Amino acid sequence: MTEADRVRLLVIILWMTAAHSFFTGVMLFLQPAAVLRWTGFAPVGEAFFPAQGGVFHVLMSVLYAAAALRRTVWRLAAAFIIFVKASAALFLIAYYVFASPVWLILLSGVADGMIAVILAFFHGEGRRTYASG
């Protein structure tokens with residue numbers, strides 16, 4: 001795979017991550033009752049903390065999109081993005097195991113973990129390319 005192919009694939013993954021985070025954030029903020037029931041969650045009595053989490057997801061989606069648009073943003077933010085995704089994966093999987101076995105929590109944890117691994121691979125590949133070239 002060429003450097004240009006790797007960059008294109010990284011950009012696609014970052015855009016997909018941005019879209020997923022944005023959608024998740026909007027759903028956390030709006031908390032539609034039908035979606036909550038379908039995913040196995042009970043309606044939330046006090047909406048502040050889920051809404052706050054929704055705003056965080058939307059803000060992170062802006063960072064993912066900026067990293068997709070500008071390689072310099074990716075180079076500066078890659079370690080933080082990977083840390084956020086890995087931390088989210090650990091939190092979600094632990095929450096599923098120890099607090100609430102809702103299928104969407106486990107699916108989200110696994111997805112965030114996979115994204116963290118993929119982005120770590122691209123980050124490592126970019127560092128090797130930079131070091132060798």
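A salt bridge is a side-chain nitrogen of Lys or Arg within 4 Å of a carboxyl oxygen of Asp or Glu. Keep that in mind for the first exercises. The model you are looking at is a predicted one.

**Exercise 1. Find how many salt bridges the whole structure holds, then work through the one that Glu 3 forms.**

Step 1: the total. Searching the whole structure turns up 5 salt bridges.

Step 2: the partner. Glu 3 pairs with Arg 71, and their closest N and O atoms are 2.8 Å apart. The cut-off is 4 Å, so this pair counts.

Step 3: the place in the chain. Glu 3 belongs to helix 1 and Arg 71 to helix 4, with their positions 68 residues apart, so to speak: the pair links distant parts of the chain.

Step 4: the surroundings. Glu 3 is partly exposed, with a relative accessible area of 28%. Arg 71 is partly exposed too, at 44%.

**Exercise 2. Look at the salt bridge between Asp 5 and Arg 8, and work out how the two are placed in helix 1.**

Step 1: the distance. The side chains of Asp 5 and Arg 8 meet at 2.7 Å, N to O.

Step 2: a bit of helix geometry. An α-helix has 3.6 residues a turn, so residues three or four places apart point the same way.

Step 3: apply it. Asp 5 and Arg 8 sit 3 residues apart in helix 1, which means about one helical turn separates them.

Step 4: check the exposure. Asp 5 has 31% relative accessibility and counts as partly exposed.

**Exercise 3. Which residues are linked with Glu 125 in a network of salt bridges?**

Step 1: start from the pair. Glu 125 forms a salt bridge with Arg 6, and the closest N and O atoms are 3.9 Å apart. That is still within 4 Å, so the pair makes the cut.

Step 2: place both ends. Glu 125 is in helix 5 and Arg 6 is in helix 1, so the bridge ties together parts that are 119 residues apart in sequence.

Step 3: buried or exposed? For Glu 125, the relative accessibility is 17%, so this residue counts as buried. Arg 6, at 16%, counts as buried as well.

Step 4: put the network together. Glu 125 is linked with Glu 3, Arg 6 and Arg 71.

**Exercise 4. Describe the aromatic pair of Trp 38 and Trp 103, then do the same for Phe 121 and Phe 122.**

Step 1: know what to report. A pair of aromatic rings is described by the distance of the centres and the angle of the planes.

Step 2: count. There are 4 aromatic pairs in the structure.

Step 3: the Trp pair. Trp 38 and Trp 103 are 5.4 Å apart, centre to centre, with 85 degrees between the planes. An angle over 60 degrees counts as edge-to-face, so that is the label here.

Step 4: where the Trp residues are. Trp 38 is in helix 2 (residues 33-39) and Trp 103 is in helix 5 (residues 103-132), 65 residues apart. Trp 38 is exposed at 62% relative accessibility, while Trp 103 is partly exposed at 40%.

Step 5: the Phe pair. Phe 121 and Phe 122 are also edge-to-face, at 5.7 Å centre to centre and 75 degrees between the planes. Phe 121 is partly exposed at 45%, but Phe 122 is buried at 6%.

**Exercise 5. Which helix gives the most residues to the largest nonpolar core, and what does that helix look like?**

Step 1: meet the core. The largest nonpolar core has 18 residues, and Leu 10, Leu 14, Tyr 64, Trp 74, Ile 81 and Leu 119 touch the most other members.

Step 2: list the contributors. Helix 1 (3-30), helix 3 (48-69), helix 4 (71-98) and helix 5 each give two or more residues. Helix 4 gives the most, with 6.

Step 3: look along helix 4. This helix has 28 residues and reaches 39 Å from its first C-alpha to its last, close to the 40 Å expected. Helix 4 also has a kink of about 60 degrees, centred on Ala 77.

Step 4: find its buried residues. Among them are Trp 74, Ala 77, Ile 81 and Lys 85.

**Exercise 6. What does Ser 61 touch, not counting residues up to four places away in sequence?**

Step 1: locate Ser 61. This residue is in helix 3, and Ser 61 is buried, at 6% relative accessible area.

Step 2: list the contacts. Ser 61 touches Ala 18, Ser 21 and Phe 22.

Step 3: set Tyr 64 beside it. With neighbours up to four places away left out again, Tyr 64 touches Leu 14, Thr 17, Ala 18, Ser 21, Ile 81, Val 84 and Lys 85.

Terms used:
Residues numbered from 1 in each chain as written. Predicted model: local features only at pLDDT ≥ 70, side-chain atom pairs only at ≥ 80, totals over all residues. Heavy atoms only, no water. Phe/Tyr/Trp six-rings, centres within 6.5 Å; stacked < 30°, edge-to-face > 60°. Helix = DSSP H or I, 4+ residues; strand = E, 2+ residues; numbered from the N terminus. Buried < 20%, exposed > 50% of the residue type's maximum accessible area, 1.4 Å probe, protein only. Core = buried A, V, L, I, M, F, W, Y, C linked by side-chain atoms within 4.5 Å. Contact = heavy atoms within 4.5 Å. Expected span 1.5 Å × (residues − 1). Bend = angle between axes of the 7 residues up to and from the residue.
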